[in-house]
2 protein chains.
Amino acid sequence: MAKVTLQTIADRLGVSRATVSYAFSRPDQLSDGLRRRILEVADELGYAGPNPTARSLRLGRAGALGLLFSETLAYAFADPYAIGFFQGLATAAEDAGVGLLILPLPHGDRRTDTVRDAVVDAFCVMSLPDGHPALAEVLARRLPVVVVDEPYVPGHPFLGIDEPAAAGAAARHVLGLGHRRLGVAMVGLHEDGHTGWADGERQESTVFEAMRARRGGYQRACEEAGLDWGRVPFYEVARNSREAGRRAGHALLGLDPRPTAILTNTDVLALGVLDAAADLGLEVPGDLSVVGFSDSAAEEAGLTTIRQAKQEMGEAAGRLLLSGAGAAPERRLFPYELVVRASTAAPHG
Amino acid sequence: MAKVTLQTIADRLGVSRATVSYAFSRPDQLSDGLRRRILEVADELGYAGPNPTARSLRLGRAGALGLLFSETLAYAFADPYAIGFFQGLATAAEDAGVGLLILPLPHGDRRTDTVRDAVVDAFCVMSLPDGHPALAEVLARRLPVVVVDEPYVPGHPFLGIDEPAAAGAAARHVLGLGHRRLGVAMVGLHEDGHTGWADGERQESTVFEAMRARRGGYQRACEEAGLDWGRVPFYEVARNSREAGRRAGHALLGLDPRPTAILTNTDVLALGVLDAAADLGLEVPGDLSVVGFSDSAAEEAGLTTIRQAKQEMGEAAGRLLLSGAGAAPERRLFPYELVVRASTAAPHG
DNA sequence: ATTAAGAGCTTAATTGATTAAGAAGGGCGC
DNA sequence: GCGCCCTTCTTAATCAATTAAGCTCTTAAT
C-alpha cells in the first residue's frame, strides 16, 4: 500500500495533477463525468484526500491557534481558572472553524521544539514566568501573539486585569471589616518548587509578573491601612492544589497571634485554607475570614473572592488572534469584581 | 517586510539554500564561522526560523495528535469526565513532545473541513454518535485512530469499559439494597435536544452506542431482579448539566408512587437530582438513593458512583497512537468499580 | 609523490499540493 | 467561413523546506 497522492490518481487516469486537484477543491472547473471518475479512482486507490500539510503550505494558513501555558498540561486541565479561559478561547476557535493546538512545555528540560514546530497561525500565551525560553521562541516565530495575564510584552496585545487594584480590593475588604492580623498564602511565585515562609526578598523576586503585581496590591492596601507589611506572615506554596492550601493554612493558623483573615491568590488555595480551619475546629467566618481569587471554584464553598471574566478573556484573546488584527498592541484590562460570600466577616472581639 | 525564507538568507550570503538549512538543523555539517554568519544574517533579516509547515511536509510528521469530541469545545471543557480523559491524553502527548490539536465539530452545520485540514499524525475520537460524518472523515484520512467510549469501529483500536456490566453493577447495587421503585435519568441519548420522558422506542434508538449499552445494563439488571422495565420511569435530558439533572429529578420525584432510587448516567446529572431532592425536602439516602456514573464529580458530594479510570484511558489512548502501533485493532476494556458512598442506602420500609 | 580520508559546501530530487495563465475544441452568431 | 466565447483541461510556477549524493580542496598517511 504505497502512498497515494494526487499524482497517482492523475497517472492512473491519464490526466494532469491539476485536474485531480480541481476535482476535490473546485468542482465547477471540471465536467461532471470526469470528476466522478476521478473520485471513483481516488476511492479505489484508497486516497486519503488532499494532504493537509501540503495544502497548508501552499495556502499559507495552518487552521489552528497555538496555546502555551506555563504548567504541565495535566495541571492546566486541573486548574478551574485555566479551564474557564480555555472554554472562551475554544469558543472563538470553534466559531472561526480553526483548531486549538495545545502545546506542552516540557517542564525541567527547557527545550522548545514544540513551539518551533507548531503548525499554527497565531499564538496565545498564558501565564509564562519572566524570561521563559518559550516566549522568546514564540516571538521568533513572528506570528500574531496575544499574552494573557503575564508577562507583558511591549508591542504585543495583552489581556488581563488590573492585578494590583484587584488584589487591593480583596485586602481592603477584610481590612474594612476590621481585621488587623492578616496572613497571605500564595502560589506561583517561583519555579523552584519551594514551599514555606517567604521573606520580602523572595516575595519581590517573583518570576510571575501578575503574581508580583497581586502581592504588591496586598502590600499597598495593608500599608494604607497602617499595617507593617513586614509583619504580615506570607506563606508560599509550589502547587495550586487544595492540599497545598491546607498546608499553608496550617502554617498560618499555627502562628501566635493567629491571623484573623487570610488572603490567597487562588480559589483552590483558599479551599485548602478552609480545610485547615476545619481541621483546627475554627469557624469561618466567625474565627477566620478567607478570600480567594478568580471565582473559579468559589461559589459552592461560599467563598469571598475576586471574580474575573475568564471566559470573556479567552474569547477576546481568540477573536483578537483570528481577526488578523492580532498584532495591534493593545493593553486590555478586563473588569474584576469583589464577590462577597460567607467566608468573610468582621473579626469578633 | 517581505517574506524571509532560507533562500533569502542564502542569496544574501551567496551560499546555497542547503547550507542555510544545515546551519539550523545540522550544525556539524558546517564550519563554525559560516554558521555564525548565517545565523547573524538570519537574525538581521528577521527570519522566523524554518517554516514548520514546509518542514512537516518534508519530514512527513505533524507533531500533533488530533482530538475529536462530539460536543462543543466549551462544553467539553466543562465536563469533568472529559477533562479527566484530556489530562491523561495530554500527559502522553507531553511525554512524546507532541501537541494536542483539539478540533471543533461545528454543531448544527455538519461540515468537517476541520477534520480534513487538521495537520496531525493520528486521531483520538471520543464519544461520537453513530453515523456522525466526522468519523467517516477521520477514517478517510487513513491515519492511526483510536476510539474511546463510542462508537466501536471494527478494525480500529477501541478503549472503553464494559458498559452493560458497569451499569448493571450500579443497578444491582440499589436493587440489592432492596429498592423496587427505580427511576432513570440519562443524558446523551439523542442529538435532537429533547428533554422529557423517553419511551422504549426512544430509549433503544439512541445514537450513542455507549449510552445504549449502559441503558441495556440497567434494563437487564432490573429484569433479572424481576422488575418490569416498561414500568421504570425513564427521563431523558439534552445537556449534561446540574440544572438538567435537577429538572429530571423533579420530574421523577413528582411521580406517584415516587421512586426510592434514581440511576443516572453521569455524576453531574446525579448532583442535579440531589438538588431536586433537597428542593423537595427529601433526605438522601433516607428517602432517596442516587447513583452517578464516572466518579468525576462525586467525591465531595458523597455520591455513590461507578469509577472509571479516565486518566489512564487518556494516557493509554495517547500512547497507543504515539507508539506507531496505533493501528493494532485492539479492544481494550478498562476496569470500573462501584464506589459506594453516602447517597445510597436501603429504602426505609 | 600518491592516495585516502575528511571537511565543507553545492546540486538536485523530493515532500504534495494550489492556481493563474494558456491551449484545444465545440457551439453560436453574422 | 470567420471570429468569438465558453467549457474543459494542461502547463508550469509556487509554497518552504530537507537530505542523499557529488564535488572541491586540505590534510595526513604510506
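This section describes the fold of chain A, its pairing with chain B and the surroundings of DNA strands C and D in a predicted model.

The secondary structure of chain A consists of 14 helices and 13 strands. Its radius of gyration is 26 Å, well over the 20 Å that the globule rule gives for 349 residues, so chain A is more spread out than a compact globule. The C-alpha trace of chain A spans about 95 × 35 × 35 Å along its principal axes. Of the 349 residues, 50% count as buried. Among contacts in chain A with a separation of 6 or more, 72% are made by residues 24 or more positions apart.

Chain A contains an open sheet of 5 strands with mixed pairing, in the order S7-S8-S6-S9-S10. Strand S7 (196–197) and strand S10 (289–291) of chain A form the edges of this sheet, each pairing on one side only. At one of these edges, S7(A) pairs with strand S8 (residues 234–237) of chain A in the antiparallel sense, over 2 bridges. Within this pair, A:Trp197 has A:Tyr235 of S8(A) as its bridge partner.

The relation between the two protein chains was examined next. A turn of 180° with a shift of 0.0 Å along the axis lays chain A on chain B with an RMSD of 0.0 Å. This is the relation of a two-fold axis. In chain A, the C-alpha nearest the axis belongs to A:Leu101, at 2.1 Å from it.

At the interface, 41 residues of chain A are in contact with 41 residues of chain B. On the chain A side, two or more residues are given by each of helix H4 (52–59), helix H5 (73–76), helix H6 (80–96), strand S2 (99–103) and helix H7 (113–116). The largest share, 7 residues, comes from H6(A). By class, this side of chain A comprises 23 nonpolar, 11 polar and 7 charged residues. The copies meet through the same surface, because 100% of the interface residues of chain A are also interface residues in chain B.

Strand pairing also links the two chains. S2(A) pairs with strand S2 (residues 99–103) of chain B in the antiparallel sense over 3 bridges. Here the bridge partner of A:Ile102 is B:Leu100, in S2(B). A:Leu101, whose C-alpha is the nearest to the axis in chain A, lies within the residue range of strand S2 (99–103) of chain A.

Both protein chains contribute to the surroundings of the DNA. DNA strand C has 27 residues around it, of which A:Thr5, A:Ala18, A:Ser21, A:Asn51 and A:Ala54 come nearest. The surface near DNA strand C receives at least two residues from each of H2 and H4 of chain A and H2 and H4 of chain B. H2(A) supplies the largest share of that surface, 6 residues. Its composition by class is 13 nonpolar, 8 polar and 6 charged residues.

DNA strand D is likewise surrounded by 27 residues, the closest being A:Thr19, B:Thr5, B:Ala18, B:Ser21 and B:Asn51. Helix H2 (17–25) and H4 of chain A, together with helix H2 (17–25) and helix H4 (52–59) of chain B, each supply at least two residues of the surface near this strand. Here H2(B) gives the most, with 6 residues. The surface near DNA strand D has 13 nonpolar, 8 polar and 6 charged residues. H4 of chain A thus belongs both to the elements that touch chain B and to those that supply the surfaces near DNA strand C and DNA strand D.

Methods:
Residues numbered from 1 in each chain as written. Chains lettered and ligands numbered in written order. Predicted model: local features only at pLDDT ≥ 70, side-chain atom pairs only at ≥ 80, totals over all residues. Contact = placed C-beta atoms within 7 Å. Helix = DSSP H or I, 4+ residues; strand = E, 2+ residues; numbered from the N terminus. Nonpolar A, V, L, I, M, F, W, Y, C, P; charged D, E, K, R; others polar. Pairing = 2+ DSSP bridges. Near = placed C-beta within 6 Å. Least-squares fit on C-alpha atoms with pLDDT ≥ 70 in both. Rg over C-alpha atoms; globule rule 2.2 N^0.38 Å. Buried ≥ 20, exposed ≤ 12 C-beta atoms within 10 Å, placed from the backbone.
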